[in-house]
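Okay, thanks for making time, everyone. Let me put the structure up and walk you through a few parts of it.

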Amino acid sequence: MIKDSLRAQVIETPSWAYGNSGTRFKVFAQRGVPRDPFEKLADAAQVHAFTGVAPQVALHIPWDRVDDYAALAGHASGLGVRIGAINSNVFQDDDYMLGSVTNPDAKVRAKALEHLLDCVDIMDATGSDTLKLWFSDGINYPGQDDLRARQDRLAEALDRVYGRLGEGQRFLLEYKLFEPAFYATDVPDWGTAYAHCLRLGPKAQVVVDTGHHAPGTNIEFIVAFLLREGKLGGFDFNSRFYADDDLMAGAADPFQLFRIMFEVIGGGGFTEDVAFMLDQCHNIEPKIAGQIRSVMNVQEATAKALLVDREALAAAQAAGDVLGANAVVMDAYNTDVRPLLAEIRTEAGLDPDPMAAYARSGYFEKIAEERVGGTQAGWGA
Ligand code: PSV
Ligand code: MN
Ligand code: MN
């Protein structure tokens, strides 16, 4: 039943979305942003309180470093949320100028690996089952380093992390076409990520960040393929017009988000194994409200994808009815699902309009007054 699926959906928000962020040109500081990971969780809990479908929060280490991760997890559960994926960070230290796990210097590689293994320790403490690996590694100039040797170094590090994973833990390997490396990125595409994960085994899966492809890439094809191979671990949802823009999911191209969810549902991926995470930065819009809007956009795309009449579609496809098949899909996309989602929220005891309810709650005014000197997410410093 469509309503059951929508009620069961879990959308994970990223801790870094709540802090200040910006472009390489400027970070605009906003009022009321969290000063520590505890306050980030409090803000994430607001997103869950008003949407009912965002009970998980991803952490980013060391941006969210604390002395006691079990206490942080306890704090989360006291707020009605839980800690989701642990995101490693092997890109912000000076040591990583020429790469982290693929760096030609063995000392730097060892440092990066140690951080990744530390992240698994943190997963043990928080109860997280997912480690997300994104490497900024790559080169800017032909000949700068050996492309094949870098793959060997990457494989070695991945082997070590894989071997450290405990029962019920996995890692998701994220690919990105370019940036900060501009000539060759070491994990540039789903094929590279897939090959490494395939070699390693079932605890290694690929994560699809919707902002990490060349313009015009058919992302839903990648989704369908990875799901079919059991290698789709999850999503970093965000929108882009040009590069890795990290805008609100569904803002730039809601139709693409729908097409992705259509393939997820068709491929049986609407399960807990496929993580629906957001990876966004709210540079100019208010952060909590920006997350609420994004969660709602994902829900709307999901609802429309669930509405596709699969039987009618299969019949049209079998009959070679090109226009009929396309019409079935477009009918679902063109349905206004907002009343359905409002009804589900009301049935769950929530306000049917999360944006308005959050605005009325006074939470933003409260944190704007209480919090002085909030944190920067880490981007665009
Ligand atoms: C950098 O492109 C990035 O946006 C990746 O998508 C990661 O998932 C994220 O940062 C957090 O490290
Ligand atoms: Mn990402
Ligand atoms: Mn990104």
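Let's start with one helix, α7, where Ile219, Ile222, Val223 and Leu226 are buried. Why do they line one face of the helix? If you look down the axis of α7, its buried residues fall within an arc of 100°, so they end up on one face. That fits a general point: an α-helix has 3.6 residues a turn, so residues three or four places apart point the same way. Oh, and keep in mind that this is a predicted model.

So what covers those buried residues of α7? The cover includes α6, which is 190–200, along with β8, β9 and α8, which is 254–266. Just after α7 you'll find Gly230, with a positive phi of about 70°.

Now let's zoom out to the strands. Eight of them close into a barrel, and going round, the order is β1-β2-β3-β4-β6-β8-β9-β10, with parallel pairing. From one strand to the next, the twist averages 30°. Helix α7, residues 219–228, packs on that sheet, where it touches β8 (204–209) and β9 (232–237), and its direction makes about 165° with that of β8.

Where do β1 and β10 meet? Strand β1, residues 11–14, runs parallel to β10, residues 275–278, and two bridges join them. Across that pair, Glu12 stands opposite Met277 in β10.

Last stop, the ligand. Around ligand 1 you've got Asn87, Trp134, Glu174, Lys176, Asp209, Asp236, Asp244 and Asp279. Sorted by class, that shell has six charged residues, one polar and one nonpolar.

Key:
Residues are numbered from 1 along each chain as its sequence is written. Chains are lettered from A and ligands numbered from 1 in the order in which they are written. This is a predicted model: local features need pLDDT of at least 70, side-chain atom pairs count only at pLDDT 80 or more; totals for chains, interfaces and linings use all residues. A residue is near a molecule or strand if its C-beta atom, placed from the backbone, lies within 6 Å of it. Ala, Val, Leu, Ile, Met, Phe, Trp, Tyr, Cys and Pro count as nonpolar, Asp, Glu, Lys and Arg as charged, and the others, Gly among them, as polar. Two strands pair if DSSP finds at least two bridges between them. Helices (H or I, at least four residues) and strands (E, at least two) are DSSP runs, numbered from the N terminus. Axes are lines fitted to C-alpha atoms, for helices over the stretch in contact, and angles run from 0 to 180 degrees between N-to-C directions. Two residues are in contact if their C-beta atoms, placed from the backbone, lie within 7 Å. A residue is buried if 20 or more other C-beta atoms lie within 10 Å of its own, exposed if 12 or fewer, and partly exposed in between; C-beta atoms are placed from the backbone. The arc is that of the directions from the helix axis to the C-beta atoms.
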